[in-house]
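Biologist: Please take a close look at a single part of this chain. I would like one connected account of a strand, its partners and the loops around it.

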Amino acid sequence: MCRIGTLKVATSWPTRASAIISVMGRLIFRPFQARDYERCLAIFDANCPAYFAPNERADYAAFLDGPAEGYEVCELHGEIVGALGLSRQCRDARELTWILLDTGAQGRGTGSAIMQHVLATCRDS
């Protein structure tokens, strides 16, 4: 088990295995950099109002303007298709923050692959 925020989750995630294996082989996770700012905001905007309230944009932009420790972007074929933050709150807990996925990458196993990355990161730390 890995604690994410106040939730405990199993370290395995139900998945569509073939889709995730295919996507996982091409996904690259790397630390957020200032040059990623506009692309992350564009993904955020594309997910409003379905997944984020438009008034949350200022909070997200402020988060990106800060140190954004533990924040990563997810690239597929060299294009940022998602982002997530996983920060350590204490020795045995992590907080998952500002997870988002490009609307064009939804329904293709990318979100599940991102969650596999999150769980692996928790398991390995």
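Modeller: What follows is a walk around strand β4 in this predicted model.

Start with the setting. The chain has 125 residues, and 41% of them count as buried. Its secondary structure comes to 4 helices and 6 strands. In sequence order the pattern reads β-β-α-β-α-α-β-β-β-α. Take contacts between residues at least 6 apart in sequence: 62% of these join residues at least 24 apart. The accessible surface is about 7,000 Å². Carbon and sulfur atoms account for 53% of that surface.

Now the strand. β4 spans residues 71-76. Buried here means under 20% relative accessible area. By that cut-off, 6 of the 6 residues of β4 are buried, so the strand is largely enclosed by the rest of the structure. The side chains split into two sets. Y71, V73 and E75 point one way from β4. E72, C74 and L76 point the other way. Both sets are buried, and that includes the glutamates E72 and E75.

Next, the partners. β4 pairs with strand β3, residues 27-31, in the antiparallel sense. That pairing runs over 5 bridges. In one of them, L27 has L76 of β4 as its bridge partner. β4 is also joined to strand β5, residues 79-90. This pairing is antiparallel too, with 6 bridges. Here Y71 has G85 of β5 as its bridge partner.

The turn comes after that. β4 and β5 form a hairpin with 2 residues between them. H77 sits in this loop. Its phi is positive, about 55°, although H77 is not a glycine. Is H77 buried or exposed? H77 is exposed, with a relative accessible area of 60%. The strand residues of β4, by contrast, are buried.

Go to the other side of β4. The loop between α3 and β4 holds A68. A68 also has a positive phi, near 45°, and is a residue other than glycine. What is its relative accessible area? The value for A68 is 10%, so this residue is buried. Thus the loops on either side of β4 each hold a non-glycine residue with positive phi: A68 and H77.

One more backbone feature is worth checking. C48 and P49 are joined by a cis peptide bond, with omega about 0°. P49 lies in the loop between α2, residues 37-46, and α3, residues 57-65.

Conventions. Residues are numbered from 1 along each chain as its sequence is written. This is a predicted model: local features need pLDDT of at least 70, side-chain atom pairs count only at pLDDT 80 or more; totals for chains, interfaces and linings use all residues. Side-chain values use heavy atoms; hydrogens and water are left out. Buried means under 20% relative accessible area, exposed over 50%, partly exposed in between (1.4 Å probe, protein chains only). Contact means heavy atoms within 4.5 Å. Accessible areas come from the Shrake-Rupley method with a 1.4 Å probe; for residues, only the protein chains shown count as cover. Two strands pair if DSSP finds at least two bridges between them.
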